[in-house]
Amino acid sequence: MPVRFSPRVSLIAVAGVLATACSSASSPAPASAPQPAAAPAASSTPALPAGVTLAMIAVGDSIYHKGSCQRCHGMEAKGGPRAPDLTDGTWSQITGTYAEIVQIVTTGVPKDKIKLATAQFAMNPRGGSNLSDEQIKQVAAYVYSLSHK
């Protein structure tokens, strides 16, 4: 199965390539021409939590879409009757920090603790699979990126 990248990760990668291409293709102004002061760059991408990289997000995207995550949360992570939406920034079990996402994927949620009324099943620890600690961090990075745009 090909690796899927979220639109956000792809957009960031394309922006980086374009910025590099544009900066290397432009020629400097003549020395006699006055140079305008550079305005501080406005960041359109929220800062990532410490230790989270774009590479982790990309791998997490692939794990999410190949694994059991998408079975309940959906291919677009918009949720459904079994599990909540992971893209809207609304969290039912946690507040949505990266550390909390890592924790909830690691430990799961017992059926009697799930707050989504339509959920029929518990969220199994490690997503119901044998995800390593590193893979859990990658999936958590991807989920974090979906909800913190």
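**Exercise 1. Is A77 buried or exposed, and where does A77 lie?**

Solution. A77 has a relative accessible area of 0%. Buried means under 20%, so A77 counts as buried in this predicted model. As for its place, A77 sits in the loop between helix 3 (69–73) and helix 4 (98–107). One further point concerns its backbone: A77 is not a glycine, yet its phi is positive, at about 65°.

**Exercise 2. State how many helices and strands the protein has, and in what pattern they follow one another.**

Solution. The count gives five helices and zero strands. Read along the sequence, the pattern is therefore α-α-α-α-α. Two totals can be added. Of the 149 residues, 31% count as buried. The protein exposes about 9300 Å², and carbon and sulfur atoms supply 62% of that area.

**Exercise 3. Describe how helix 2 and helix 5 are placed relative to each other.**

Solution. Two packed helices are described by the angle between their axes and the distance between the axes. Begin with the angle: helix 2 (residues 54–66) and helix 5 pack at about 95°. Next comes the distance, with the axes 7 Å apart. Angles of 65 to 115 degrees count as roughly perpendicular, so helix 2 and helix 5 are roughly perpendicular to each other. The contact is made on the helix 2 side by residues including M56, I57 and Y64, and on the helix 5 side by residues including V139, Y142 and S145.

**Exercise 4. Place S145 in the structure and find which backbone oxygen its side chain reaches.**

Solution. S145 belongs to helix 5 (residues 133–147). Its relative accessible area is 2%; buried means under 20%, so S145 is buried. The side chain of S145 reaches the backbone oxygen of Y142 at 2.6 Å. Both S145 and Y142 are among the helix 5 residues that take part in the contact with helix 2.

**Exercise 5. Identify the residue with which R126 forms a salt bridge, and describe the setting of R126.**

Solution. Side chains of opposite charge can pair when their charged atoms come close. R126 forms a salt bridge with D133, and the closest N and O atoms are 2.7 Å apart. The count for the protein comes to one salt bridge. R126 is found in the loop between helix 4 and helix 5. Its relative accessible area is 26%. Since partly exposed lies between under 20% and over 50%, R126 counts as partly exposed. R126 also has a positive phi, of about 55°, although it is not a glycine.

Methods:
Residues numbered from 1 in each chain as written. Predicted model: local features only at pLDDT ≥ 70, side-chain atom pairs only at ≥ 80, totals over all residues. Heavy atoms only, no water. Helix = DSSP H or I, 4+ residues; strand = E, 2+ residues; numbered from the N terminus. Buried < 20%, exposed > 50% of the residue type's maximum accessible area, 1.4 Å probe, protein only. Areas by Shrake-Rupley, 256 points an atom, 1.4 Å probe, with all protein chains shown as cover. Polar contact = N/O pair within 3.5 Å; in protein donor to acceptor, adjacent residues only side chain to side chain. Salt bridge = Lys/Arg side-chain N within 4 Å of Asp/Glu carboxyl O. Axes fitted to C-alpha atoms, helices over the stretch in contact; angles between N-to-C directions. Parallel < 35°, antiparallel > 145°, perpendicular 65-115°, else oblique. Contact = heavy atoms within 4.5 Å.
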